[in-house]
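Open the model in your viewer and keep the selection tool at hand. The stops below run from the inside of the chain to the whole.

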Amino acid sequence: VNVDGLDPNVILNRGYWVLPLGLGQARVGATYRDIGAGTEPTAAGLEALIQAASDLLGGGNFEVAAHEAGIRAGVRDRRPCAGRHPGDEKRGILGGLGSKGALWAPALARQWLNHLTEGVPFEPAVDVRRFPE
């Protein structure tokens, strides 16, 4: 979405979200539908996102620059996870962010940074090792 005047440090969130990207750009998300329905963008999805953007932006003027679809991968307990892969310590995991991914990602990235630079363990609530092998 092309839109001016958003604070680049604030993610708007109320059912849907608006993530400022800078330079008058923002990303709006997300709709939910069963993966069996396919992964191509739909007219209904676009309409829902336009309505959500209008609601979150107070009806302000904006222009849709692109419309994409994706898959939101999740984990068994529907909570985010981060940490080193239990079978290969050289691999890292950060996933399961779900519908609040834009809100979770900065905190989990900070945990990765602290782990890599200072050896700080991941918080047990998000540590990927909470799952039995």
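Select Val3, Val18, Ala26, Val28, Leu49, Ala53, Leu56 and Leu57: these eight residues form the largest nonpolar core. A nonpolar core here is a set of buried Ala, Val, Leu, Ile, Met, Phe, Trp, Tyr and Cys residues joined through side-chain atoms within 4.5 Å; buried means under 20% relative accessible area with a 1.4 Å probe, protein chains only. Colour β3 (25-29) and α1 (43-56) next, since each supplies at least two residues of this core. The largest share, three residues, is from α1.

This is a predicted model, in which local features need pLDDT of at least 70 and side-chain atom pairs pLDDT 80 or more, while totals for chains, interfaces and linings use all residues. Numbering starts from 1 along each chain as its sequence is written, and side-chain values use heavy atoms, without hydrogens or water.

Centre on Leu49. Beyond its neighbours within four places in sequence, Leu49 contacts Tyr16, Val28, Gly29, Ala30, Thr31 and His67, a contact being heavy atoms within 4.5 Å.

Move to the second core, separate from the other, with five residues including Ala82, Trp112, Phe122 and Val126.

Now show the whole chain as a cartoon. Two helices and five strands appear, in the order β-β-β-α-β-β-α; these are DSSP runs, helices (H or I) of at least four residues and strands (E) of at least two, numbered from the N terminus. The C-alpha atoms fill a box of roughly 45 × 35 × 20 Å along the principal axes. Of the 133 residues, 24% are buried.

Key:
Buried means under 20% relative accessible area, exposed over 50%, partly exposed in between (1.4 Å probe, protein chains only).
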